[in-house]
Amino acid sequence: MMLAIKRQALASATRVLSRPHIFAGLAAASARAYHSKLYKSSDEAIEGIKSGDTLLIGGFGLCGIPENLLKAVARRKDIQQVTAVSNNAGTSDYGLGTLLQSRQIKRMVSSYVGENKEFARQYLGGELEVELIPQGTLAERVRCGGAGIPGFYTLTGVGTGVEKGGIPIKYSKDGKNVLIASTPRETKVFNNRKYLLEEGITGDFALVKAWKGDELGNLVFKYAANNFNAPMATAGKITIAEVEEIVPVGELKPDEIHIQGIHVHRILKGESYEKRIEKLTLRRSEADEQVLSDSMKQRIHIIKRAAREFKNGMYVNLGIGMPVLASNYIEPGITVHLQSENGILGMGPFPTAEEVDADLVNAGKESVTVLPGGTCFSSDVSFGMIRGNRLDMTILGGMQVSQNGDLSNWVVPGKIIKGMGGAMDLVAAPKSRVVVTMTHNAKNGEPKILKENTLPLTGVKCVDRIITDKCVFDVVPGKGLLLRELSYGQTVDKIRAATACDFEVASDVAETY
């Protein structure tokens, strides 16, 4: 039996050796033939985009934006009435903001307006429709769209205007009336908690930017420039990627590719890159702090107290504005892993001039560093960490906090429109401690700590601790506020006069900061 098998195998080998073309075919297969997706220019790459299309735009602020593709769309004045899905709209004069300037966008689907004055002006003046969505919800809706998932349930936005509807999408020309408003979300209860149903998002085209790519469309991102680019790349019917460098097929290692070529239909090397940094922020020395404005000194006073909240080994998210300053005041000997929702874990302090990298910014679009052992990832992965209760604590700013821990920090209707950004997602994570840092009173002297909030809510009963320039309050569930600490020079009576609700006083309250 064994002899017969050996003879059969020998005969098969002889037949193969007599046919050298088989080896030639194997060699050709190893040098894989492929269809190149490479385009010569951004103008050529955007062919097919038309008026009324939905465009998914990668990037975060100005970090990782497809700047050449956006310039190409801006040159095509025949492309009008576009719906642009993007975390924000760049600045007034760059990135997606140029399409606002040229009036090519009908509706923005975003989480944050930020400091883009033209974006805010068009929205409040009834020239632009704006559908505001919490940042993590936006990232997940796009991820689900790309994965063929029609919808998902989330805690984010429960009890706020996101659930109830009524968030203005379009104002009248005089800004006094709401012509289009958001609709209420469908809800469902899981494990005795209410969740909102959110639907997946797809687009006619996705415009994304990567660091490196090959002719098959495989993409690699650099640092925090991954952000929204990764989920957007998967959710376009046609995805167009611009890259800084085209490399030969095979040069990218299989395990380092962030977006596989199956998602990318067209790729080009960007003609030129400015890679602007929206907020170039450098590390300050102690001497620099002595010449700061009084308002900045007040902010640093608050945030130095907030930095005492850090405990060794914590994973912490710092919100934009005042909270991000806390990374500069971590006590020696304490290790804190700082997470930024745009896709950084292990964020370090602001850089020196020599350390600045346009692909490394925090959630406030400020230049930052990454510590040894730090990692970068996409926005959908980042908010998976947040929703999955991986963070120990979140520190964010506030406009108002109620005695029950309700937070408002994203809009003053008809006047100031920042957008909810990632705040709604952060405060919705049930196991993450929420600390709010803010001045005790507004510039006009009105209290920010109230019996009930008068501004639209970011979260309901979500705040655990309030740190102001005057004192520290704890929110005690079912009871209200407890005065824990006083800033130097403050008294209980002064705090009562500056606060618009009742509170209890801890027996050991003292001046501590």
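Begin with the whole chain in view: among contacts in the protein between residues at least 6 apart in sequence, 70% join residues at least 24 apart. Keep in mind throughout that this is a predicted model.

**The whole protein**

With everything still displayed as a cartoon, look for the 14 helices and 28 strands in the protein, and turn the view along the principal axes, where the C-alpha trace spans about 100 × 60 × 50 Å. Of the 513 residues, 53% count as buried. If you switch on a surface, the protein exposes about 23,000 Å², and carbon and sulfur atoms supply 52% of that area. Colouring by charge brings up 62 positive and 57 negative charges, whose mean positions are 4 Å apart.

**First stop: V142**

Select residues 135-146, which make up helix α7, and within this helix pick out V142. Is V142 buried or exposed? V142 counts as buried because its relative accessibility is 0%, and the cut-off for that word is under 20% relative accessible area. Now show the side chains around V142: leaving out residues up to four places away in sequence, V142 touches V85, I201, P231, M232 and A235. Add A233 to the selection and draw a distance from C-alpha to C-alpha, and you will find V142 and A233 9.4 Å apart in space, although 91 residues separate V142 and A233 in sequence.

**Second stop: D255 and a negative patch**

Move next to the loop between β12 (236-246) and β13 (266-269), and select D255, which lies in this loop. With a relative accessible area of 72%, D255 is exposed, since that word is used for values over 50%. Then extend the selection to E245, E251 and E256, which together with D255 form a negative surface patch.

**Last stop: S487**

Finally, go to the loop that runs between β27 (480-486) and α14 (492-498), where S487 has its place. The relative accessibility of S487 is 4%, and therefore S487 counts as buried. Which residues is S487 in contact with, once its neighbours within four places in sequence are left aside? Display H301, D469, K470, C471, E511 and Y513, for these are the residues in contact with S487.

To close, you may wish to show the selected residues side by side, with V142 buried at 0% relative accessibility, D255 exposed with a relative accessible area of 72%, and S487 buried at 4% relative accessibility.

Conventions: Residues numbered from 1 in each chain as written. Predicted model: local features only at pLDDT ≥ 70, side-chain atom pairs only at ≥ 80, totals over all residues. Heavy atoms only, no water. Helix = DSSP H or I, 4+ residues; strand = E, 2+ residues; numbered from the N terminus. Buried < 20%, exposed > 50% of the residue type's maximum accessible area, 1.4 Å probe, protein only. Contact = heavy atoms within 4.5 Å. Patch = residues over 30% accessible without salt bridge, like charges linked within 9 Å, V, L, I, M, F, W, Y side chains within 5 Å. Areas by Shrake-Rupley, 256 points an atom, 1.4 Å probe, with all protein chains shown as cover. Salt bridge = Lys/Arg side-chain N within 4 Å of Asp/Glu carboxyl O. Lys, Arg positive; Asp, Glu negative; His and termini not counted. Charge placed at Lys NZ, Arg CZ, Asp CG, Glu CD.
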